Amino acid sequence: MESRFSVLNDTEDLQTDIENTLHFERSKTLFEEIRASLNNNDEEDRSFWRPVLPWGGVFTIKAGRKALSCIPLYVQIHLKNTCTIDGFLMILYVILRDNQGFRRELAVFLGKQFVEHFLYLMDSCDYTTVKMLWIWNRMSKRQYRSEVHQAALEIDLFGNEHENFTENLENLMSTVQESLCSNPNCPARFQDFIKTTIHISPPHELPHKDPIQSAVDEFFCPKLVLCSELRCDGLREFSQRVFCHGPPAFVILNMQQWKSEELSYVPYHLDLCQHRYLLEGATLFNKEEQHYSAAFQIDGCWMHYDGLRSDNLILLHKPPELLLLSSLVYIRASDR
Ligand SMILES: [Zn+2]
């Protein structure tokens, strides 16, 4: 059947739709507008003047001539529970616009076309298409639920933001640790352990230095543990962990295991594998509402983004309360 609506992963059609909308250029990027609003804001007016990346979204598929000859399966896509990607998309946008050099670096992992489209769509305030771009280009189908209701396809992104976003960044944050077992008869003496995300746990004892820096050091440091191979009583020695593709432009630390009381202080600087990283943003979780939001900084001013609020981008004067930290985002400091 010749229907452009009959298949779900129609990335090509999405690309065409995106290209067809490349007809106007805004004089200022969204990032420049947000930055300008920070400087003009007075005490009374603490929010950005229009909504940015609102929760959910409806994506309408433009029916082509071919589609008229057959009954389309669906003509709209309704997005639900998009907060599992929204906060990170916002932070990714700010990082890319605020650091021109990162665009090329990220293109190596995410593809040049993806990065260019992503920035263009954000600047065009085409927020539903940005989310569709992420869902179709980066996520795998098993990461979300989809169902056809009458003439609309519903895509529900309910879940965990680390699964829906962080795990879809390819090898950007990949690290490897080599290991060797002391037992010559071990069934797998040499092993490489690759991790694509950075999940850090709170230290067991209160460390002398900053707990987050200690946890990061622990993640990267060499260690000696009992070998876990069957019938092996050897000791397995792990080397220093290193980034597979050099220090990434940014890192996302998964902070889900940390309690609020362990996080009274979040460091602005972090040393990671002999590189200096600076705090750029964080994602936050509201347990009662099962809802994610995000905070990020531009020129040292902190903003809180929450797609469900009507004023969804507001200037922060103090850290948001009653929210759990889901992640911390650090960007690589320039070598200068
Ligand atoms: Zn062994």
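This report walks through the fold, the nonpolar core, one helix pair and several individual residues of a predicted model.

## Overall make-up

Let us start with the whole chain. The protein chain holds 9 helices and 17 strands. Of its 336 residues, 30% are buried.

The contacts also say something about how the chain is put together. If you take contacts between residues at least 6 apart in sequence, 70% of them join residues at least 24 apart.

## The largest nonpolar core

The largest nonpolar core contains 68 residues, and Leu-89, Met-90 and Val-251 have the most contacts inside it. Helix H4, spanning residues 83–98, is the element that gives the most to this core, contributing 10 residues. At least three residues of the core come from domain 1 (11–168), and at least three from domain 2 (175–244).

Met-90 is a handy place to look around. Setting aside neighbours within four places in sequence, Met-90 is in contact with Leu-53, Ala-294, Phe-296 and Tyr-305.

## Helices H5 and H6

Next comes a pair of helices. H5 covers residues 102–110 and H6 covers residues 112–123; their axes come within 7 Å and cross at roughly 120°. How are the two helices oriented to each other? An angle of 65 to 115 degrees would count as roughly perpendicular, and one over 145 as roughly antiparallel. The crossing of roughly 120° falls in neither range, so H5 and H6 are oblique to each other.

On the H5 side, the contact is made by Arg-103, Leu-106, Ala-107 and Leu-110, while H6 brings Lys-112, Phe-114 and Val-115. Sorted by class, this contact has 5 nonpolar residues, 2 charged residues and no polar ones.

## Strand E14 and the loop before it

The loop between strand E13 (275–286) and strand E14 (291–298) is home to Glu-288. Is Glu-288 buried or exposed? A residue with 12 or fewer other C-beta atoms within 10 Å counts as exposed; Glu-288 has 6, so Glu-288 is exposed. In sequence Glu-288 and Leu-323 are 35 residues apart, yet their C-alpha atoms are 9.5 Å apart in space.

Gln-290 lies in the loop between E13 and E14 too. With 11 other C-beta atoms within 10 Å, Gln-290 is exposed. Tyr-292, which lies in strand E14, has 28 other C-beta atoms within 10 Å and is therefore buried. Leaving out residues up to four places away in sequence, Tyr-292 touches Cys-83, Thr-84, Gly-87, Glu-161, Thr-283, Leu-284, Phe-285 and Ser-326. One of these partners, Ser-326, is 34 residues from Tyr-292 in sequence and 8.3 Å away in space, C-alpha to C-alpha.

## Two positive phi angles

A bit of backbone geometry is worth a look here. Most residues other than glycine have a negative phi. Gln-290 is not a glycine, yet has a positive phi of about 50°.

Gln-274, also not a glycine, has a positive phi of about 65°. Where does Gln-274 sit? Gln-274 is in the loop between strand E12 (269–272) and E13. There are 8 other C-beta atoms within 10 Å of Gln-274, so Gln-274 is exposed.

## Two aspartates in different settings

Asp-306 is in the loop between strand E15 (301–305) and strand E16 (313–315). Although Asp-306 is a loop residue, Asp-306 is buried, with 25 other C-beta atoms within 10 Å. Which residues does Asp-306 touch, not counting those up to four places away in sequence? They are Ser-293 and Asn-312. Between Asp-306 and His-291 there are 9.1 Å in space, C-alpha to C-alpha, for a sequence separation of 15 residues.

Asp-217 belongs to helix H9 (residues 211–220). A residue is buried at 20 or more neighbours and exposed at 12 or fewer; Asp-217 has 17 C-beta neighbours inside 10 Å, so Asp-217 counts as partly exposed. Asp-217 and Arg-241 are 24 residues apart in sequence, and the C-alpha to C-alpha separation is 9.8 Å.

Note on methods:
Residues numbered from 1 in each chain as written. Predicted model: local features only at pLDDT ≥ 70, side-chain atom pairs only at ≥ 80, totals over all residues. Helix = DSSP H or I, 4+ residues; strand = E, 2+ residues; numbered from the N terminus. Contact = placed C-beta atoms within 7 Å. Core = buried A, V, L, I, M, F, W, Y, C linked by C-beta atoms within 7 Å. Domains from an automatic or database assignment. Axes fitted to C-alpha atoms, helices over the stretch in contact; angles between N-to-C directions. Parallel < 35°, antiparallel > 145°, perpendicular 65-115°, else oblique. Nonpolar A, V, L, I, M, F, W, Y, C, P; charged D, E, K, R; others polar.
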